[in-house]
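User: I have a model open and would like to learn how to read its features one at a time. Can you take me through it?

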Amino acid sequence: VVVRTGDSTELSRWGMTQSPESGYEFVLFDIANPVQYYVESNGVRSPVHRIVVVDLPYVNELTLQYIFPEYTGMPPQTVEDGGDIAVPAGTIVHVRAKTTLPVDFARIRFDDERTILLRKEADGTLVGSMRVLEDGLYQIELPGPDSTTVQGSQQYTIAALDDRPGDGWLDRGH
């Protein structure tokens, strides 16, 4: 494989290793700039291919505030390093997300494809709310290059704890 990195005019030639699964392979490490490469063997040369490095945003700080149903008698609770949610059904969760790169909006995507828009505050924090009614999964999606959407967080679980007045929630010391 013949590689040229960034604006350099220097070409680097590297041997490829044979792999039973994929033929021949080569791994490029620490790609921080655009790379052009082609493969050459026994006088045959591939077209030139280009790898473009794009810095994508992701959520680096997620804060969740739980507003529990009235019957629990529990005060609101804030979780600074939020993610997975396990709360009584009916709890309202206020989401605050900060990202590595500035973005104008975001959305929460649930495993059933529903979405909730997160709006941008003056300091760049993305905010929104959801009511937990059932178990599921969610992740935060952010705008990417060329009007695409990228996964901005890992996927988190939602557990809607089924407990009602008289079922022992308060009796268990919560």
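Analyst: What follows goes from the whole chain down to single residues. Keep in mind that this is a predicted model.

User: Where do I start: how many helices and how many strands does the chain have?

Analyst: Start with the count of secondary structure elements. Here the chain has 0 helices and 18 strands.

User: Why is the chain described as more spread out than a compact globule?

Analyst: The general idea is to set the radius of gyration against what the globule rule gives for the number of residues. For 174 residues the rule gives 16 Å, and the chain comes to 24 Å, well over that value, so the chain is more spread out than a compact globule. The box filled by the C-alpha atoms can be read next to this: along the principal axes it is roughly 80 × 45 × 25 Å.

User: What share of the residues is buried, and what does the surface consist of?

Analyst: A residue counts as buried when its relative accessible area is under 20%. In this chain 32% of the 174 residues count as buried. The accessible surface is about 11300 Å², and carbon and sulfur atoms account for 49% of that surface.

User: What do the contacts say about sequence separation, and how far apart are the mean positions of the charges?

Analyst: For contacts, take pairs at least 6 apart in sequence and ask what share joins residues at least 24 apart; in this chain that share is 52%. For charges, compare the mean position of each sign. The chain has 14 positive and 26 negative charges, and their mean positions lie 7 Å apart.

User: Now single residues. Is E141 buried or exposed, and which side chains does it make polar contacts with?

Analyst: Place the residue first, then its accessibility, then its partners. E141 is in strand β16. Its relative accessible area is 11%, which is under the 20% cut-off, so E141 is buried. The side chain of E141 has a polar contact of 2.7 Å with the side chain of R107 and one of 2.9 Å with the side chain of R109. Beyond four places in sequence, E141 touches A106, R107, R109, T149, V150 and G152.

User: How does S19 read by the same steps?

Analyst: S19 belongs to strand β3, residues 17-19. With 8% relative accessibility, S19 counts as buried. The side chains of S19 and E21 form a polar contact of 3.1 Å. With neighbours within four places set aside, the contacts of S19 are Y24 and E25.

User: Which residues does I158 touch, and how far is it from G23 in space?

Analyst: I158 sits in strand β18, residues 156-161, and counts as buried at 8% relative accessibility. Among the residues that I158 touches are I85, F110, M130, V132 and Y138. Separation in sequence and distance in space are two separate readings. For I158 and G23 the separation is 135 residues, and the C-alpha atoms are 43 Å apart.

User: What do those two readings give for L133 and P88, and for T115 and P102?

Analyst: L133 and P88 are 45 residues apart along the chain, with 8.5 Å between their C-alpha atoms. T115 and P102 are 13 residues apart along the chain, with 21 Å between their C-alpha atoms. L133 is in the loop between β15 (126-131) and β16 and counts as exposed at 60% relative accessibility. Outside its neighbours within four places, L133 contacts A89, G90 and A160. T115 is in strand β14 and is partly exposed, at 38%. With the same neighbours left aside, T115 is in contact with R107, I108, R109 and F110.

User: What is the phi of E113, and what is the phi of D146?

Analyst: Here the step is to look at the sign of phi and at the residue type. E113 is not a glycine, yet its phi is positive, at about 80°. D146, also a residue other than glycine, has a positive phi near 55°.

User: Where in the chain do E113 and D146 lie?

Analyst: E113 is in the loop between β13 (106-110) and β14 (115-120), and its relative accessible area of 54% makes E113 exposed. D146 is in the loop between β16 (136-143) and β17 (149-151). D146 is exposed, with a relative accessible area of 74%.

Notes: Residues numbered from 1 in each chain as written. Predicted model: local features only at pLDDT ≥ 70, side-chain atom pairs only at ≥ 80, totals over all residues. Heavy atoms only, no water. Helix = DSSP H or I, 4+ residues; strand = E, 2+ residues; numbered from the N terminus. Rg over C-alpha atoms; globule rule 2.2 N^0.38 Å. Buried < 20%, exposed > 50% of the residue type's maximum accessible area, 1.4 Å probe, protein only. Contact = heavy atoms within 4.5 Å. Areas by Shrake-Rupley, 256 points an atom, 1.4 Å probe, with all protein chains shown as cover. Lys, Arg positive; Asp, Glu negative; His and termini not counted. Charge placed at Lys NZ, Arg CZ, Asp CG, Glu CD. Polar contact = N/O pair within 3.5 Å; in protein donor to acceptor, adjacent residues only side chain to side chain.
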